[in-house]
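User: I am new to reading protein models. Please take a close look at the empty spaces in this one, and explain them in short steps.

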Amino acid sequence: MAESAIVSRHLRALWAFPATELGVVGWPATRRERAFGSWHYWWQAHLIDCAVDAADRVPTPARRKRVVEILRSHRLRNITGWTNNYYDDMAWLAIAAERAGRAQGVTVANRGLAALERKLYEGWNPEVGGGLPWRTGSDYYNAPANGPAGIAMMRLGRHTRAQEIADWLDATLRDPETGLILDGIHLPSGTIERPTFTYCQGVVLGLEAELAAHTGAPRHLERVHRLLDAVQGHMTVGGVVKGGGGGDGGLFNGILARYLAVVAETLPGSDRQQVEDRATAAAIVRASASAAWANRLDVEGEPLFGANWAQRAQMPGGSAGAGYFTAGGSVTPSKIPERDLSVQLSGWLLMEAAYRVSAAGL
């Protein structure tokens, strides 16, 4: 039902081109949004990832076709190619394109994936001690760029670089007081930006879990345990991921849910600690999904998810505040954040994560 709601409310042919589909960034949409005057590269990457989830869950020709069409449309709308100047954006698209190829045999993005891989690999900057900047030419090296870049490197076989990224994140951005991953650091000045966002925790959990499965190194198991404990203690209430917003922030909690599911499914080990960590990760996903579902609105028979999964969703009306870029490059929320594609994608991400942990018997 989460999939169906996105398909019916948000998917639309790009500029009336045949065999294209892209996500309209608001519902109800403005004329500019329907024409893809705004489209938000990294939101569409998560739309692709969700489309792959659906095709994995119940494979059909229509679902596989949708993956192909959104990937093709992403390239067309980006105009200049597959890449852009933001390493976080490119990392998210690389993750989605790699999964589309591996899980669904979709080859339309193969050349793009090679270009993305090259950009991400070459973005590593040893001159300032490592890390990838948020965007080309920036002095800001953050978890939202390095976490997904590490996951992409891991899945593309660049295991040494993935290991370097994970070690850099742990040494540079882990808060010794809370155990959470801080947002980023300015280099070479060393000034740290201290906000803690749910998606920063999610990508590091996912990267460390995949490294643990690949290498068996105890430090990765320990990092997952420590960070999972911090997330449970600081970012959940009653087992439900707390908070939530719109704009770019609308995707944050859904990303955490996706990579909690990765921990639940892939974290290796039969010791009590690993068994409990897998169960804890799965429990947060299940509790969050139950809360989000209980607090949804039913609109014409399809769910509308709340920005905060623990609170009743609001019906969006008008387009106030939506989709403006701040000086820092982030996208502002709609006045009622449930209007934003990012918020509804987060709900879909959560439901797919809950499906996976449930199907795995967790």
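How much space lies in the second largest pocket? Please start there, then walk me through the surroundings.

Analyst: Keep in mind that this is a predicted model.

Start with your pocket. The second largest pocket holds about 260 Å³ of space. Its lining has 15 residues. Closest to its centre are Arg-99, Arg-102, Arg-155, Glu-210 and Val-262. Now sort the lining by class. Nine residues are charged, five are nonpolar and one is polar.

Which elements build this lining? Helices H3, H5, H7 (143–155) and H11 (252–266) each supply at least two residues. H11 gives the largest share, with five residues.

Now turn to the largest pocket. About 670 Å³ of space lies there. Its lining counts 30 residues. Trp-134, Asp-248, Gly-329, Ser-330 and Val-331 are the ones nearest its centre. Three elements give two or more residues to this lining: helix H3 (41–57), helix H5 (87–104) and strand E3 (140–142). H5 gives the most, with three residues. By class, the lining of the largest pocket has 14 nonpolar, eleven polar and five charged residues. Look back at H3 and H5. Both are named for the largest pocket, and both are named for the second largest pocket.

Next come the cavities. In general, rolling a probe the size of a water molecule over the atoms shows where empty space is left. A pocket is open, but from a cavity the probe cannot get out. This structure holds three cavities of 30 Å³ or more.

The largest cavity contains about 80 Å³ of space. Helices H8 (159–173), H9 (198–215) and H10 (218–234) each give two or more residues to its lining. H10 provides the largest share, four residues. Among the lining residues are Ala-166, Leu-169 and Asp-170. Val-204, Glu-208, Val-224 and Leu-227 also line this cavity. Six lining residues are nonpolar, five are charged and one is polar.

The second largest cavity holds about 50 Å³ of space. Its lining includes Gly-244, Gly-245, Gly-249 and Gly-250. Asn-253, Trp-309 and Ser-346 belong to the lining too. By class, this lining has seven polar residues, three nonpolar ones and no charged ones.

Now follow H9, one of the helices beside the largest cavity. H9 has 18 residues. From its first C-alpha to its last, H9 reaches 26 Å, close to the 26 Å expected at 1.5 Å a residue. Is H9 mostly buried or exposed? Buried: 15 of its 18 residues fall in that class, so H9 is largely enclosed by the rest of the structure. A residue counts as buried when its relative accessible area is under 20%. After H9 comes Gly-216, which has a positive phi near 70 degrees.

One residue to find nearby in the sequence is Leu-205. The largest nonpolar core has 108 residues, and Leu-205 is among the three that touch the most other members. The other two are Leu-71 and Leu-120. What does Leu-205 touch, leaving out residues up to four places away in sequence? Its partners are Val-224, Leu-227, Leu-228, Val-231, Leu-256, Leu-260 and Val-263. Two of those names should look familiar. Val-224 and Leu-227 also line the largest cavity.

Finish with the backbone. Two peptide bonds deserve a look. The bond from Trp-27 to Pro-28 is cis, with omega near -5 degrees. Pro-28 sits in the loop between strand E2 (22–23) and helix H2 (31–34). Another cis bond joins Leu-187 and Pro-188, where omega is about 10 degrees. Pro-188 is in the loop between strand E4 (184–186) and strand E5 (191–193).

Two non-glycine residues with positive phi round off the tour. Trp-15 is not a glycine, yet its phi is positive, at about 55 degrees. You will find Trp-15 in the loop between strand E1 (11–12) and E2. Trp-15 is partly exposed, with a relative accessible area of 37%. Ala-19 also has a positive phi of about 55 degrees without being a glycine. Ala-19 lies in the loop between E1 and E2. At 41% relative accessibility, Ala-19 counts as partly exposed.

Key:
Residues are numbered from 1 along each chain as its sequence is written. This is a predicted model: local features need pLDDT of at least 70, side-chain atom pairs count only at pLDDT 80 or more; totals for chains, interfaces and linings use all residues. Side-chain values use heavy atoms; hydrogens and water are left out. On a 1 Å grid over the protein atoms alone, a cavity is a set of points where a 1.4 Å probe fits but cannot get out, and a pocket is an open set with protein on both sides within 12 Å along at least five of seven lines; lining residues have an atom within 4 Å of a point. Grid points are joined across faces, edges and corners, and a volume is the space filled by probe spheres set on the points. Ala, Val, Leu, Ile, Met, Phe, Trp, Tyr, Cys and Pro count as nonpolar, Asp, Glu, Lys and Arg as charged, and the others, Gly among them, as polar. Buried means under 20% relative accessible area, exposed over 50%, partly exposed in between (1.4 Å probe, protein chains only). A nonpolar core is a set of buried Ala, Val, Leu, Ile, Met, Phe, Trp, Tyr and Cys residues joined through side-chain atoms within 4.5 Å. Contact means heavy atoms within 4.5 Å. The expected span of a helix is 1.5 Å times one less than its number of residues.
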